[in-house]
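User: I am new to reading protein models. Can we go through one helix and some aromatic rings together?

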Amino acid sequence: MGDGAQVPGYIVTSPLQARLADLLTAAVDRHHLVVWQDADAEYVDVADAVVPKDASFAKYTGSWFELRHRIEGELAVAEPPKLVVYVSAAAPKRDPLAEL
């Protein structure tokens, strides 16, 4: 999935990318915390571009424990954070993110 055409000074997105952004915004508005499991890494190149502006974004980069450490502060607040956690790998048997 590409980013669409490139026009200097503008971000042009494909209709699929725009729809994905709408769906993700709705999920964040409804649940606040969204774990986006993309085991086939189909959206790895656009995941951060479709995250709502008022949400934080954390991306799995090869270490489950490093990811968990990175988001721990946001999880420790009284209100659920507006956070999208993008995981481009299959979940391990003992998933450090299971309670999310």
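User: How far apart are the end C-alpha atoms of helix α2 (residues 64-75), and what span is expected?

Analyst: This is a predicted model, where local features need pLDDT of at least 70, side-chain atom pairs count only at pLDDT 80 or more, and totals for chains, interfaces and linings use all residues. Residues are numbered from 1 along each chain as its sequence is written, and side-chain values use heavy atoms, leaving out hydrogens and water. Helices are DSSP runs (H or I, at least four residues), numbered from the N terminus. The expected span is 1.5 Å times one less than the number of residues, so the 12 residues of α2 should span 16 Å, which agrees with end C-alpha atoms 15 Å apart.

User: Which residues of α2 are buried, and on how wide an arc do they lie?

Analyst: Buried means under 20% relative accessible area, exposed over 50%, and partly exposed in between (1.4 Å probe, protein chains only). W64, L67, R68 and I71 are buried in α2. The arc uses directions from the helix axis to the C-beta atoms. These residues are on the same side of α2, because they cover an arc of only 95°.

User: Which α2 residues are exposed on the other side?

Analyst: An α-helix has 3.6 residues a turn, so residues three or four places apart point the same way. On the other side of α2, the exposed residues are F65, H69 and G73.

User: How are the rings of Y60 and W64 arranged?

Analyst: Rings of Phe, Tyr and Trp (its six-membered ring) pair if their centres lie within 6.5 Å; planes under 30 degrees apart are stacked, over 60 edge-to-face, the rest tilted. The centres of Y60 and W64 are 4.5 Å apart and their planes lie at 35°, so the pair is tilted.

Terms used:
Helices (H or I, at least four residues) and strands (E, at least two) are DSSP runs, numbered from the N terminus.
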